[in-house]
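User: I'd like to go through the aromatic pairs here and hear the reasoning behind each label. Can you take me through it?

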Amino acid sequence: MYWRYLLSIFFSSLLVAFISEQLNLLNLINNFSLMPTVFWCILAVFFILITLFQNKGLPYVFLGSRLHLSNKVWCRFNLMNISLFFALAIIAYIVNQVVNEEVWALYKLFGQPIFLVLIPLLSLWLITRRITI
């Protein structure tokens, strides 16, 4: 399931980037260093919009036919993803405002990908463990 999740994040990021480019959302920002913050917020809003149409969320759209998890697991996993993207936006803004440009570049290069790989893995483990107990 984990590699499918990574593929779903990759494809949804590409889709959001395409939509953002078509609507010129990121071009409205004057400060270049705030673009990751805005991108994570757009991705979270995209997940929320998909949740309005599919109550189990975007991960279910990509993974639901292959995995037979309960509705409760899908809803919690989707909520964890939305929370992750908002947290990434907040952390990116704080790091951008507090530290110098070198640390900011290191965070963008290493910190955000580490969060995208580890947090969903831990959240899925926690969700499935909590529900099966």
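Analyst: Sure, here are the ring pairs and the core around them, bearing in mind that this is a predicted model. A search of the whole structure turns up four aromatic pairs.

User: Why is the pair W40 and F85 called stacked?

Analyst: The ring centres of W40 and F85 are 5.8 Å apart and the planes meet at 5 degrees. Pairing needs centres within 6.5 Å, and stacking needs planes under 30 degrees apart, so W40 and F85 make a stacked pair.

User: What makes this a link between distant parts of the chain?

Analyst: W40 sits in helix α2 (residues 35-53) and F85 in helix α4 (residues 71-98), with the two positions 45 residues apart. Both W40 and F85 are buried.

User: And how do you know that W104 and Y107 are stacked?

Analyst: Their planes are at 25 degrees, under the 30-degree limit, and their ring centres are 5.9 Å apart, so that pair is stacked too. W104 and Y107 share helix α5 (residues 101-132), three residues apart, or about one turn of the helix.

User: Why do W104 and Y107 count as buried?

Analyst: Buried means under 20% relative accessible area. W104 comes in at 7% and Y107 at 10%, so both names fit the label.

User: Which residues do ring pairs link into a cluster?

Analyst: F39, W40, F47 and F85. W40, F47 and F85 are also among the residues with the most contacts inside the largest nonpolar core, which has 20 residues. Helices α1 (2-23), α2, α4 and α5 each give two or more residues to that core.

How values were computed
Residues numbered from 1 in each chain as written. Predicted model: local features only at pLDDT ≥ 70, side-chain atom pairs only at ≥ 80, totals over all residues. Heavy atoms only, no water. Phe/Tyr/Trp six-rings, centres within 6.5 Å; stacked < 30°, edge-to-face > 60°. Helix = DSSP H or I, 4+ residues; strand = E, 2+ residues; numbered from the N terminus. Buried < 20%, exposed > 50% of the residue type's maximum accessible area, 1.4 Å probe, protein only. Core = buried A, V, L, I, M, F, W, Y, C linked by side-chain atoms within 4.5 Å.
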